[in-house]
Amino acid sequence: MSVRPLFIASIGNPSPAYTNTLHSAGHTVLDHLRTWLFLPPFTKSRSGLFSASPDFTLWQSPSLMNLSGKPVATAWRTFLSSLSTPQERNAARLVVVHDELELALGKIKVRDGGSARGHNGLKSVMQALPPGLDFTRVGVGIGRPPTRDSREVAAYVMKKMTSQEVHVMADVAGQVSEVAREMARGVR
């Protein structure tokens, strides 16, 4: 039994056109996280794809990465309204899984609060959520191309993952599942 209900949202670009692109690494990890947490298949709702159990709700944003804020905020409010007691609502935690250029492929970084650090999807989320709402971010490393040229970086993040990179994301989901279980138990 969990101490804290978790709403784990991934931001990326919508499928099928952007399935398994580096920029949608959050969605790829969430697809695999569902299996690690023994959750049912994703189903479509008006606000995105979701899969839920009593302890975890996984949700994938249906919007483009840089416009993720409003859908995340709406889905978060809907999740909170579904909780039956004020204690559950107060204990609930929003977790956002996203790609992270500044981490090597397969590494994760978990942090609470702070700035978006140039990540436009996170900027959108932070602007749409109520001021002062602290949420957990799970950055999924996708590596960085050798150049900082914006066109080359854009081409890099929009490329499809290789089968090896998809396999790495499946392993990352295992790491994220441990973080989620610790958070749900109130350990993290």
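Here are a few notes on two helix pairs and a cavity in this predicted model.

1. Ground rules. Residues count from 1 along each chain as its sequence is written, and side-chain values use heavy atoms, without hydrogens or water. Local features need pLDDT of at least 70 and side-chain atom pairs pLDDT 80 or more, while totals for chains, interfaces and linings use all residues.

2. H2 and H4. Helices here are DSSP runs of at least four residues, strands of at least two, numbered from the N terminus. Helix H2 (residues 69–82) packs on helix H4 (residues 120–128) at about 50°, with axes 7 Å apart; axes are lines fitted to C-alpha atoms over the stretch in contact, and angles run from 0 to 180 degrees between N-to-C directions. That makes the pair oblique (not under 35 degrees, over 145, or 65 to 115). Gly 69, Lys 70, Val 72 and Ala 73 in H2 meet Ser 124, Val 125 and Ala 128 in H4, where contact means heavy atoms within 4.5 Å.

3. H1 and H6. The axes of helix H1 (residues 25–36) and helix H6 (residues 163–185) come within 8 Å and cross at roughly 65°. On the H1 side, the residues in contact include His 32 and Trp 36; on the H6 side, Met 169 and Arg 181 are among them.

4. The cavity. A cavity is a set of 1 Å grid points, over the protein atoms alone, where a 1.4 Å probe fits but cannot get out; lining residues have an atom within 4 Å of a point. The largest has a volume of about 40 Å³, the space filled by probe spheres set on points joined across faces, edges and corners. Its lining includes His 98, Glu 100 and Arg 137, and strand E7 gives the largest share, three residues.

Terms used: 1 Å grid on protein atoms, 1.4 Å probe; cavity = no way out; pocket = protein on both sides within 12 Å on 5 of 7 lines; lining within 4 Å.
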